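Trainee: I'd like a close look at one part of this model rather than a tour of everything. Could you pick a strand, walk me through its surroundings, and then work outwards from there?

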Amino acid sequence: MTLALSGEEIAKQIEKKFPKSIVKSSPEGLVVDREFLLEVASYLKTARGLDFDYLTAITAVDYLDYFEVVYQLTSIKHNHSLVVKARCYGRENPSLPSVVSLWRGADFQEREIYDLFGINFEGHPNLKRIVLWAGFEGHPLRKDYLRW
Amino acid sequence: MVIKTEPFVVNFGPAHPSTHGVFRMRMTLDGEVIVDMEPVFGYLHRGIEKLAEERTYTGCIPLTDRLDYTASMTNNFAYVLAVERLAGITVPERAEYIRVIMAELQRIASHLIAVGTFLNDCGAFMTPVLYMLREREKILDLFDMVSGQRLTYNYMRVGGVSQDIPEEFIPALKKFVKEMPGWIDEYDRLLKENEILLARTKGVGILPKELAINISASGPVLRASGVKRDIRRADPYSIYDRFEFDIPTGTAGDCYDRYRVRIEEMRQSVRILKQAMEQLPKGKVRSDVPHLTHPPVGEAYGHIEAPRGELGFYLVSDNSIAPYRFHVRAPTLINLTALRDMMVGWKVADAIIIFGSIDICVAEVDR
């Protein structure tokens, strides 16, 4: 069974290394401050005992007040998992650092989030629309997207 | 005399028989050698994730059929698993067994298509795929018995399956399970030592182990690169911890290994089918769940080992009858990330084989 690590315990471990980097934590997962996202992700990937070498999935959720990007991390070595989230605010130009430099599996998924939610991933090597065409207006998976 | 050459761009697809759907590869070629490649897709984007936000939890099940239409049963399975996790619903024993039987049958059916069309791409045109469709037809007949459908089954429900299996199902399944290993041996006899197949697939399109993990590859693509990870074993869902089966892996991560892993997985699926059939208990096939599910506020991620890799559903509930967010972790989309790395340096004729060996379903890539 893949062991789901407690967000609270990992949050304490991260706080020691990067103070004030955790916005919220619960047994189900933790929310990382966007300024620290790349550093924390890099730490989670390389820290001994954590070794999150496999990024299972990325997705975003639109809560209207903010966008939440959800990272499902797994370690193949230890067979454990963790849910990491990051929030970004604003409807005009929400942005987050890209994690493609750590896990290349994020490439198409970040492009998809950019396409459908309009979240910019800073540092993504090829950020452009992926399922919709280049001239498409708006981002359909946003909750305030015109319905029909 | 020196001939001056310069790279040129060729659009491969979107409508091309070996792209398995509508998929475009923008290749930069130097003579016949690929120097750069960019996959372009989205031609089959139907906005399934947005559509699902307008439907009830049960109403989303037919949508999942239309993701990877060659493996609808496993799509249903992954989705209902996520909803059950979200709402805390338990499933009766008999339904669990029926689900496992359907999922393994679906895996065989899907791998038959994968291997058959892969051999088609290799140049063994139509002969192997017809043999494999012959067997797939038997599985479709079984699915027809339980669901009345041959492609989009819509069979599983939150809390079980839509209806019990009919009387004639088990005898037909027994017959199938008895005959299938012989058929797999037959493919092996025809193909295992075929010199042309070996020459065209061995060492072609290598995906190294580290890269496979880094791009989040899953399913046969990951295992062919030598990573022994199968969700059925790594994170057993449903009742998979009760069955004995092996996880076939490759060593080189080339097209041949991906092909071999699929063939071996079919044998393992037959093993699971045998065990599940013998242990199948009597009882209900659906727990008492209200027609409209109102899961509590929260989120859940349910994943299974689908034929093409780790298929996951991420659901967010706001306690209404429709999911607030419905996300599909599409295995084939993510497996495609390394397509460029696998193709650069090979010739156009190899590109088709490399692409075929990943075994994508464009309906799932684009959603």
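**Strands and their neighbours in chain B**

Mentor: Let's warm up with a hairpin, then move to the strand I'd pick. Strand E2 (residues 24–30) of chain B pairs with strand E3 (residues 33–40) of chain B in the antiparallel sense, over 7 bridges. Keep in mind that this is a predicted model. Within that pairing, B:Thr28 has B:Asp36 of E3(B) as its bridge partner. The hairpin of E2(B) and E3(B) has 2 residues between the strands, and B:Gly31 takes a positive phi near 65° there. E2(B) also pairs with strand E1 (residues 8–12) of chain B, again in the antiparallel sense, over 5 bridges. There, B:Phe8 stands opposite B:Leu29 in E2(B).

Now for the strand itself, E7 of chain B. It belongs to an open sheet of 3 strands with the order E6-E7-E8 (chain B) and antiparallel pairing. Strand E6 (298–306) and E8 of chain B stand at the edges, each with a single partner strand, so one side of each has no neighbour in the sheet. On average, neighbouring strands here are turned by 10° against each other, if you ignore direction. As a general reminder, strands of a sheet pair through backbone hydrogen bonds, either parallel or antiparallel. E7(B) and E8(B) run antiparallel and are joined by 5 bridges. If you want a spot to click on, B:Phe313 stands opposite B:Val328 in E8(B).

Let's zoom in on one residue. B:Leu311 lies in strand E7 of chain B. Is B:Leu311 buried or exposed? It counts as buried because 30 other C-beta atoms lie within 10 Å, and the cut-off for buried is 20 or more. Its C-alpha atom is separated by 7.4 Å from that of B:Val328, although the two residues are 17 apart along the chain. Setting aside neighbours within four places in sequence, B:Leu311 is in contact with B:Thr74, B:Asn75, B:Ala78, B:His303, B:Ile304, B:Ala306, B:Arg329 and B:Pro331.

Next, the helix over this sheet. Helix H3 (residues 72–87) of chain B lies across E6 and E7 of chain B, and runs at about 150° to E6(B). H3(B) has a helix partner too: its axis and that of helix H4 (residues 93–122) of chain B come within 8 Å and cross at roughly 140°. That angle makes H3(B) oblique to H4(B). The crossing of H3(B) past H4(B) is left-handed. On the H3(B) side, the contact is made by B:Met73, B:Thr74 and B:Phe77, and on the H4(B) side by B:Arg99, B:Met102, B:Ala103 and B:Gln106. By class, that contact has 4 nonpolar, 2 polar and 1 charged residues.

Finally, back to our strand from the other chain's point of view. In all, 27 residues of chain B are in contact with 23 residues of chain A. On the chain B side, at least two residues each come from helix H1 (48–52), helix H8 (209–214), strand E7 (309–317), strand E8 (325–329) and helix H12 (331–335). Which element supplies the largest share of that side? It's E7(B), with 4 residues. By class, the side of chain B that touches chain A has 11 nonpolar, 8 polar and 8 charged residues. So E7(B) gives you two things to look at in one strand: a place in the sheet order E6-E7-E8, and the largest share of the chain B side that touches chain A.

Conventions: Residues numbered from 1 in each chain as written. Chains lettered and ligands numbered in written order. Predicted model: local features only at pLDDT ≥ 70, side-chain atom pairs only at ≥ 80, totals over all residues. Contact = placed C-beta atoms within 7 Å. Nonpolar A, V, L, I, M, F, W, Y, C, P; charged D, E, K, R; others polar. Pairing = 2+ DSSP bridges. Axes fitted to C-alpha atoms, helices over the stretch in contact; angles between N-to-C directions. Parallel < 35°, antiparallel > 145°, perpendicular 65-115°, else oblique. Left-handed = near helix turned anticlockwise from the far one by under 90°. Buried ≥ 20, exposed ≤ 12 C-beta atoms within 10 Å, placed from the backbone.
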